[in-house]
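Thanks for sharing this one. Here are a few friendly notes to read with the structure open beside you.

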Amino acid sequence: MTTIQHISTGRRVRDRLAQGLVYLAFALAVVPLISVLWLVLKNGLARFDMEFLTHSMRNIGARDAGGGAYHAIIGTLEQVLLASAISVPIGLLTAIYLTEYGHGGRLSRAISFFVDVMTGVPSVVTGLFVLAFWILFLGMPFSGLAGALALSILMMPTVVRSAEEMLRLVPNDLREASYALGVAKWRTIVKVVLPTAFTGIVTGVMLAVARVAGETAPLLLTVFFTDSINNDPFSGPQMGLPLYVFDQAARPNDTAIDRAWTGALTLILIVMLLNLVARLIAWWRSPARGR
């Protein structure tokens with residue numbers, strides 16, 4: 001029968017020191033986040049009311065009280081939805097090819113290389129590309145669609161990489177069991193692989209949405225500014241919450257600054273709400289819940 005050896009004092013000290021360093025690193029990461037959230041809440045709650053959520057800035061001067069961000073909220077939701085509709089199918093299909101069909105071939109290596117390059121592309125570059133090609137070359141107008149195209153370019157690499165990692169985590173035993181039953185490969189991917197990785201894929205998509213929801217530079221070059229409500233993202237300038245915050249924060253008066261803080265708070269709440277909805281969907285469709 002073996003006995004547990006006594007732990008020396010030096011090892012106990014080193015263990016406590018390492019534990020303290022971990023707690024310190026956690027605090028250094030969390031404190032700035034909490035301070036930012038507290039600052040946004042403290043300054044944004046003053047104007048967070050129904051008028052702000054249901055009115056636009058039409059006929060509201062820079063120094064006038066009142067006004068709201070309804071037109072910007074509508075613009076952000078439509079632009080992000082369009083960007084997701086463009087980037088998620090393309091990104092997911094690309095991840096499926098890299099995981100299930102590429103197998104290290106030349107094409108898959110080239111795709112992986114360009115995905116890595118796109119991950120580091122500054123957001124303003126995507127805005128310049130859409131401005132030069134979509135608006136100046138093709139003659140299309142400033143619109144929410146143009147902004148969505150720029151945002152979709154930023155979303156794609158995040159969707160591809162997150163979906164690829166989740167698909168690689170699916171055990172090969174599940175694939176082999178499906179093949180052993182005579183199920184076609186495409187049907188195995190649709191019925192076995194994707195449902196197993198669904199929760200992680202949804203999380204990756206929401207990370208991509210959170211990344212682009214607050215982008216300002218692409219929208220500055222493709223969507224332009226407007227104080228009016230534009231429910232049609234395919235025609236005419238359309239405001240977004242990042243543009244709204246940028247525009248109001250640039251005005252040197254307290255009423256505009258208050259609107260900017262409330263716009264930032266609204267944007268954070270929208271991203272949190274979308275993440276909550278995504279987690280509820282992932283929980284509802286998780287394989288473990290069906291057992």
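1. About 30 Å³ of space lies in the largest cavity. Please keep in mind that this is a predicted model. When the whole structure is searched, 1 cavity of 30 Å³ or more turns up.

2. Which residues line the largest cavity? They are Thr76, Gln79, Val80, Leu151, Val212, Ala213, Leu219 and Pro242. Two elements, helix 3 (70-102) and helix 8 (185-213), each give two or more residues to this lining. Helix 3 gives the most, with 3 residues.

3. The chemistry of that lining is worth a look too. Its residues divide into 6 nonpolar and 2 polar, with no charged residue in the lining of the largest cavity.

4. Now for a single side chain you may like to click on. Threonine 266 sits in helix 11, which covers residues 254-285. Is threonine 266 buried or exposed? Its relative accessibility is 5%, and buried means under 20%, so threonine 266 counts as buried.

5. What lies 2.8 Å from a polar atom of the side chain of threonine 266? The partner is the backbone oxygen of threonine 262.

6. Finally, look at the company threonine 266 keeps farther along the chain. With neighbours within four places in sequence left aside, threonine 266 is in contact with Phe48, Phe52, Leu53, Ile73 and Leu241. To view this site, you could display threonine 266 together with those contacts and the backbone oxygen of threonine 262.

Methods: Residues are numbered from 1 along each chain as its sequence is written. This is a predicted model: local features need pLDDT of at least 70, side-chain atom pairs count only at pLDDT 80 or more; totals for chains, interfaces and linings use all residues. Side-chain values use heavy atoms; hydrogens and water are left out. On a 1 Å grid over the protein atoms alone, a cavity is a set of points where a 1.4 Å probe fits but cannot get out, and a pocket is an open set with protein on both sides within 12 Å along at least five of seven lines; lining residues have an atom within 4 Å of a point. Grid points are joined across faces, edges and corners, and a volume is the space filled by probe spheres set on the points. Helices (H or I, at least four residues) and strands (E, at least two) are DSSP runs, numbered from the N terminus. Ala, Val, Leu, Ile, Met, Phe, Trp, Tyr, Cys and Pro count as nonpolar, Asp, Glu, Lys and Arg as charged, and the others, Gly among them, as polar. Buried means under 20% relative accessible area, exposed over 50%, partly exposed in between (1.4 Å probe, protein chains only). A polar contact is a pair of N or O atoms within 3.5 Å; within protein, one must be able to donate a hydrogen and the other to accept it, and residues adjacent in sequence count only if both atoms are side-chain atoms. Contact means heavy atoms within 4.5 Å.
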